[in-house]
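Biologist: Hello! Please take me on a close look at one part of this protein, the contacts between charged side chains, and then at the strands beyond them. I would like to know which residues take part and whether they are buried or exposed.

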Amino acid sequence: MDLIAAIATGASPSAIGVIRLSGEGCFAACDRVFRPADGLSFRDQPPRKMVLGRMADEQGRVLDHGLAVRFPAPHSYTGEDSAELHCHGSPVVLREILSALFAAGARQAGPGEFTRRAFLNGRMDLTQAEAVVDLIDAETAAAARNAAAQLDGGLRRVLEPIQESLLDIASRFYAVVDYPDEDIEDVGPRETAAALRAADGALTSLLDTCRRGRVLKSGVRTAIVGLPNAGKSSLLNALAGYERCIVTDVPGTTRDTVEESVLCGGVLLRLVDTAGMRETEDAVERLGVERSRRAMEDAELILLVRDGSVEVCPENRARFEAEAVLLNQVAQSGKPWLCIESKCDLTGPRAFSIGSIQKGANNPAACLCVSSVTGEGLDRLEAAVAALFPAGDGAEAGSLLTDRRQEDAACRALAALRRGREALEAGLTPDAVLTDVEEALDALGELTGRTAREEIVSAIFSRFCVGK
């Protein structure tokens, strides 16, 4: 393939900058730009070993002192002749060196083009390529570990046995049809049924990981809801560790949703602080309340915050009733939720106890007392969140489906397998069953990249940054 080059590090000044190259004429182009200190040409340097030298611009003038390393094909990231130039991270220096490489025959690499070449040259499958961008975008250590394990082939190792068993059924069927005079053992209904049943079980188990995979990769969209002055913004600030929201004693201070990502109980929460839920004549506040309701509808977790310091008295009766209505709406939403009784550092009797609410599948910890001022109860909140979104077995890292595209392909493969099983049980001819087996293989091939269409591949690599 033609020679591509790109700056692989950020656009801001940094201690070190890296330029990557890959393709035909890679080492010759580097010889135009890099001058090793030992006097040998770059192409004669030992592979995979850093070499000290000088970097030159398009006119041959020395720009910087740095290091370079060459990776001969096929033992490189892309499978082609590749190289990296490591210099000081001045954006000017990096651009000048890149211009010199363009003058030497390279062109600007597109987003993800290095990894795309690795995929096209068989250095990785599509699940591993997607793991590269997941690793770059990882916001938690657990997400990084899962992406690294998937880059190491964790998901491929789960899918390969399924594909091989289905390929065995298809290939033996065609062998018997195409070579009837040869002594080739046919695939019997019992053997076919066993293979389809095993593949069904493996794909079902894989699809069961989707929720954990999405939580690991994208986090949990979490709406913090409650009446005005319940302590919602204070809770967000306490979880964030700094004053992200304005907090005052004036009801209705929050007029719009405020978002922040935090790690809570090992789970990445995409917190959305909302305006207090109440009837109001203020047009701006009313818009905020509407956004609060939409945030609650879109949420994957709801934190219902109520002011635990409110005293039981006739003057607060309307508040208690409004609180009860909101609690009922949250409980009936079908979403996981937690009730947070805030301001537990303040004295005064509680308005009513929510701890007696029956615990259900979506609400294992019905009520938690928390102080956003002292931090009391935040550990219990973290434990409750971790219980709602369990991390799963660490041994399954790398074998979680983290992408909607992957989930869709696996679902289509499973649906085809189940149609095949139904056809087999109904006594249909083997070729009818084979049609469903081949459809399942096509879907699995799309997942790994064996049969993925060009537009799918292009869409995946468009997510990458330039230089990767």
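Modeller: Gladly! One cut-off first: a residue counts as buried under 20% relative accessible area, as exposed over 50%, and as partly exposed in between. Please keep in mind that this is a predicted model.

Let's begin with two helices. Arg419 forms a salt bridge with Asp436, and their closest N and O atoms are 3.6 Å apart. Because Arg419 lies in helix α13 and Asp436 in helix α14, this pair ties together parts that are 17 residues apart in sequence. Arg419 has a relative accessible area of 35%, so this residue is partly exposed. Asp436 has a relative accessible area of 12%, which is under the 20% limit, and therefore Asp436 is buried.

Now to the network. Asp2, Glu80, Arg107, Glu113 and Arg117 are joined into one network by salt bridges that share partners. One of the contacts here is the salt bridge between the side chains of Asp2 and Arg117, at 2.7 Å from N to O. This pair links distant parts of the chain, 115 residues apart: Asp2 is in the segment before β1 (4-7), while Arg117 is in helix α3 (residues 113-120). With a relative accessible area of 39%, Asp2 is partly exposed. Arg117, at 3% relative accessibility, is buried.

Back to the helix pair for another contact. The side chains of Arg412 and Glu446 also meet in a salt bridge, with 2.5 Å from N to O. Here Arg412 belongs to helix α13 (residues 404-425) and Glu446 to helix α14 (residues 430-448), so the link spans distant parts of the chain, 34 residues apart. Arg412 is partly exposed at 33% relative accessibility, whereas Glu446 is buried at 10%. The salt bridge count comes to 27.

Next, the strands. β4 and strand β5 (residues 62-71) run antiparallel and are joined by six bridges. Within this pairing, Gly53 stands opposite Gly66 in β5. The two strands form a hairpin with five residues between them, and Gly60 in the turn has a positive phi of about 85°. On from there, β5 is joined to strand β6 (residues 82-89) by five bridges, again in an antiparallel arrangement. Ala68 has Leu85 in β6 as its bridge partner.

The loop between β4 and β5 deserves a pause, as Asp57 has its place there. Asp57 is buried, at 7% relative accessibility. A polar atom of the Asp57 side chain lies 3.0 Å from the backbone nitrogen of Gln59. Leaving aside neighbours within four places in sequence, Asp57 is in contact with Leu63, Glu96 and Ala100.

What about the surface? Met50, Leu52 and Leu67 make a nonpolar surface patch of about 260 Å². Leu52 lies in strand β4 (residues 51-56). Its relative accessible area is 53%, so Leu52 is exposed. As background, side chains in a regular strand alternate between the two faces of the sheet.

To recap the charged pairs, three partners are buried: Asp436, Arg117 and Glu446. Their respective partners, Arg419, Asp2 and Arg412, are partly exposed.

Note on methods. Residues numbered from 1 in each chain as written. Predicted model: local features only at pLDDT ≥ 70, side-chain atom pairs only at ≥ 80, totals over all residues. Heavy atoms only, no water. Patch = residues over 30% accessible without salt bridge, like charges linked within 9 Å, V, L, I, M, F, W, Y side chains within 5 Å. Areas by Shrake-Rupley, 256 points an atom, 1.4 Å probe, with all protein chains shown as cover. Salt bridge = Lys/Arg side-chain N within 4 Å of Asp/Glu carboxyl O. Helix = DSSP H or I, 4+ residues; strand = E, 2+ residues; numbered from the N terminus. Buried < 20%, exposed > 50% of the residue type's maximum accessible area, 1.4 Å probe, protein only. Pairing = 2+ DSSP bridges. Polar contact = N/O pair within 3.5 Å; in protein donor to acceptor, adjacent residues only side chain to side chain. Contact = heavy atoms within 4.5 Å.
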